[in-house]
Amino acid sequence: MIEYKEVKISRILNPTGIDLGEYVINPFMGCEYSCLYCYVRSNKVISKRQGEWGSYVDIRINAPELLEKEILSKKPKCVLLGSTTDCFQNIEKKYAITKQVLEILNKHKVYYNILTRSPNIIEYIDLLKKGFCKKIYFTINNTSPEIKNKLEPKSPGFELRFKSINKMLDENIPIVPYFSPILPWLSDFKNIFELFPKAGSVEFEGLNMNLININDIISKIVSLHPALKSGYEKLLQDKAFYDSFWASIKKDIIREVIIAKKNYNIYIHNFGTYFNNKYSPINLTK
Ligand code: SF4
């Protein structure tokens, strides 16, 4: 059960260090999709909000009104939508906050990048074709339904996401399939480029083994695949093994890239540094 609440905020354009915009815009606080490996769970400010991540969504109903004002004073050239939420989650259909945000950005000729995994975005193709959408990074994966149901049970299905990406590509929307996270021994990226014939590139990100809830993620994987327990434990504890594992994944991806003659980008998290979380040994099967 998700708790939805209308809230008013004091600022919508927030400065960011992410190199996809000078400011981020998040029309909601919280996310219905509740992905277990969502990095927002490790965000210390957001985690202060009462409630389990995925159990609430605050709807920032005055976001459009604020944006109109802040654009005039801050004069952004490019912004990022959806750094800590999915702007196109289902509640957007009722409130159309993101829709209004896109209309305002288009009107003021502000460019934007978008992060999402929601096929609902195809409802906004007309707005995205106005010339100010720079890039949409659309998160996908390719794992068994059982693993998906364990790790992102409330997110849209992969097949639907693949179809949405291809529909957007057909409409010449600048969309990049973003394969994330690569789950060791579980994510299948073989022939991934064939799934998106019109995509100029595909980007990849490895599982971040330093997420605050990594133990929980691994417990869920091991509950379905007990044979992977030792491999995941070694990835958590052994830097040499970790580095050689991801180096071999990179090689596998590059092999696919060469066959497909496409562009790509691969992001692998450094061993033991992201968020500086400490690994505490646990019983992975509990
Ligand atoms: S869709 Fe994005 S913001 Fe929402 S829970 Fe998943 S990773 Fe987090």
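A residue is buried if 20 or more other C-beta atoms lie within 10 Å of its own, exposed if 12 or fewer, and partly exposed in between, with C-beta atoms placed from the backbone. The exercises below apply this definition and several others to a predicted model, in which local features need pLDDT of at least 70 and side-chain atom pairs count only at pLDDT 80 or more, while totals for chains, interfaces and linings use all residues. Residues are numbered from 1 along each chain as its sequence is written.

**Exercise 1. Burial in loops**

Task: Classify Trp185, Asn172, Phe196 and Ser187 as buried, partly exposed or exposed.

Solution.

Step 1. Trp185 lies in the loop between E9 and E10; strands (E, at least two residues) and helices (H or I, at least four residues) are DSSP runs, numbered from the N terminus. Because 13 other C-beta atoms lie within 10 Å, Trp185 is partly exposed.

Step 2. Asn172 belongs to the loop between H6 and E9. Its count is 11 other C-beta atoms within 10 Å, so Asn172 is exposed.

Step 3. Phe196 is located in the loop between E9 and E10. With 21 other C-beta atoms within 10 Å, Phe196 is therefore buried.

Step 4. Ser187 is found in the loop between strand E9 (175-182) and strand E10 (201-206). Ser187 counts as buried because it has 21 C-beta neighbours inside 10 Å.

**Exercise 2. Contacts of the buried loop residues**

Task: Determine which residues Phe196 touches, not counting residues up to four places away in sequence, and do likewise for Ser187.

Solution.

Step 1. Two residues are in contact if their C-beta atoms, placed from the backbone, lie within 7 Å. By this rule Phe196 touches Ile165, Asn166, Leu169, Pro177 and Val202.

Step 2. Consider one of these partners, Ile165. Phe196 and Ile165 are 31 residues apart in sequence, and their C-alpha atoms are 7.7 Å apart in space.

Step 3. Leaving aside its neighbours within four places in sequence, Ser187 is in contact with Asn141, Asn142, Thr143 and Ile182.

Step 4. Ser187 and Asp252 are 65 residues apart along the chain, and 12 Å separates their C-alpha atoms.

**Exercise 3. The sheet of 8 strands**

Task: State the order in which 8 strands form an open sheet, and follow the pairing from E6 to E9.

Solution.

Step 1. The order is E2-E3-E6-E7-E8-E9-E10-E11, with mixed pairing. Its edge strands, each pairing on one side only, are strand E2 (14-15) and strand E11 (263-267).

Step 2. Two strands pair if DSSP finds at least two bridges between them. Strands of a sheet pair through backbone hydrogen bonds, either parallel or antiparallel.

Step 3. Strand E6 (residues 78-81) and strand E7 (residues 111-116) are parallel, with 4 bridges. Within this pairing, Val79 has Tyr112 in E7 as its bridge partner.

Step 4. E7 and E8 run parallel and are joined by 5 bridges; Leu115 stands opposite Tyr137 in E8.

Step 5. E8 and E9 also pair in the parallel sense, over 5 bridges. The bridge partner of Ile140 is Phe179 in E9.

Step 6. Helix H6 (residues 158-170) lies across strand E8 (133-140) and E9, and runs at about 160° to E8. For such angles, axes are lines fitted to C-alpha atoms, for helices over the stretch in contact, and values run from 0 to 180 degrees between N-to-C directions.

**Exercise 4. The sheet of 3 strands**

Task: Describe the open sheet that 3 strands form.

Solution.

Step 1. The strand order is E1-E5-E4, and the pairing is mixed. Strand E1 (3-7) and strand E4 (28-30) are the edge strands, each of which pairs on one side only.

Step 2. From one strand to the next, the twist averages 20°.

Step 3. E4 and strand E5 (residues 56-60) run antiparallel and are joined by 3 bridges. Gly30 has Val57 as its bridge partner in E5.

**Exercise 5. Backbone angles**

Task: Identify which peptide bond is cis, and state the phi values of Asn172 and Trp185.

Solution.

Step 1. The bond from Ser180 to Pro181 is cis, with omega near -10°. Pro181 is placed in strand E9.

Step 2. Asn172 is not a glycine, yet its phi is positive, near 60°.

Step 3. Trp185, also not a glycine, has a positive phi of about 65°.
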